[in-house]
Amino acid sequence: MGIIWMLIVGGIIGWLAGLITGRDVPGGIIGNIIAGFIGSWLGSLILGSWGPVVGGFAIIPAIIGSIILVLIVSFALRKMGQKKNHGHHA
């Protein structure tokens with residue numbers, strides 16, 4: 001049950017990050033899970049592991065890390081989208 005619980009918690013963290021930032025995480029549920037996992041890694045790297053731990057995730061740093069990740073990804077996707085729409089301008 002451990003891995004399923006981690007996937008659920010990771011998905012919720014990614015979903016919350018998308019909700020808080022008002023951005024959709026690309027990839028739906030899978031994207032949310034990936035954002036939750038990478039975001040929690042990023043958050044614990046920057047902020048350390050503190051606060052409540054659920055499913056192996058330190059929830060508060062994980063959510064903050066996921067928010068940062070979602071903002072970076074959505075910013076990068078928007079930049080890439082602009083480049084595609086406007087020809088080959090730098």
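Reader: Is N32 buried or exposed?

Author: Burial is read from relative accessible area, where anything under 20% counts as buried. In this predicted model, N32 is buried because its relative accessible area is 13%. The residue lies in helix 2, which covers residues 28-47.

Reader: Which residues does N32 touch, once residues up to four places away in sequence are not counted?

Author: Setting those sequence neighbours aside, N32 touches G10, G11, G14, W15 and V25. Among these, G10, G11 and G14 also appear in the list of buried residues of helix 1, and that list is completed by V9, I13, A17, G18 and T21.

Reader: How many residues does helix 1 have, and what does it reach from its first C-alpha to its last?

Author: Helix 1 runs over residues 2-21 and so has 20 residues, a count for which the expected span follows from 1.5 Å times one less than the number of residues. The span from the first C-alpha to the last is 29 Å, close to the expected 28 Å. The helix is followed by G22, whose phi is positive, near 75 degrees.

Reader: At what angle do the axes of helix 1 and helix 2 cross?

Author: A crossing is read from two values, the approach of the axes and the angle between them; here the axes come within 6 Å and cross at roughly 90 degrees. Angles of 65 to 115 degrees count as roughly perpendicular, which makes helix 1 roughly perpendicular to helix 2.

Reader: Which residues meet where helix 1 and helix 2 are in contact, and how many are nonpolar, polar or charged?

Author: From helix 1 the participants are M6, L7, G10, G11, I13, G14 and W15, and they meet N32, I33, A35, G36 and F37 of helix 2. Sorted by class, the contact has seven nonpolar residues, five polar residues and no charged residues. When reading the polar count, one should keep in mind that Gly is classed as polar.

Reader: How many aromatic pairs does the structure hold, and what geometry do the rings of F37 and F57 have?

Author: The structure holds one aromatic pair. The ring centres of F37 and F57 are 5.2 Å apart and the planes stand at 80 degrees, so the pair is edge-to-face. Since F37 lies in helix 2 and F57 in strand 2 (residues 57-58), the pair ties together parts that are 20 residues apart in sequence. As for accessibility, F37 counts as partly exposed at 28%, whereas F57 counts as buried at 3%.

Reader: Where is S49 found, and is S49 buried or exposed?

Author: S49 is found in the loop between helix 2 and strand 1 (53-54), and at 60% relative accessibility it counts as exposed. Leaving aside neighbours within four places in sequence, S49 is in contact with S44 and A58. The C-alpha atoms of S49 and I60, which are eleven residues apart along the chain, are separated by 8.6 Å.

Reader: What pattern does the protein follow along the sequence, and what does the C-alpha trace span?

Author: The protein has three helices and two strands, and read along the sequence they follow the pattern α-α-β-β-α. The C-alpha trace spans about 50 × 25 × 20 Å along its principal axes. Of the 90 residues, 34% count as buried. Among contacts with a separation of 6 or more, residues 24 or more positions apart account for 56%.

Conventions:
Residues are numbered from 1 along each chain as its sequence is written. This is a predicted model: local features need pLDDT of at least 70, side-chain atom pairs count only at pLDDT 80 or more; totals for chains, interfaces and linings use all residues. Side-chain values use heavy atoms; hydrogens and water are left out. Helices (H or I, at least four residues) and strands (E, at least two) are DSSP runs, numbered from the N terminus. Buried means under 20% relative accessible area, exposed over 50%, partly exposed in between (1.4 Å probe, protein chains only). Contact means heavy atoms within 4.5 Å. Rings of Phe, Tyr and Trp (its six-membered ring) pair if their centres lie within 6.5 Å; planes under 30 degrees apart count as stacked, over 60 as edge-to-face and the rest as tilted. Axes are lines fitted to C-alpha atoms, for helices over the stretch in contact, and angles run from 0 to 180 degrees between N-to-C directions. Angles under 35 degrees count as roughly parallel, over 145 as roughly antiparallel, 65 to 115 as roughly perpendicular and the rest as oblique.
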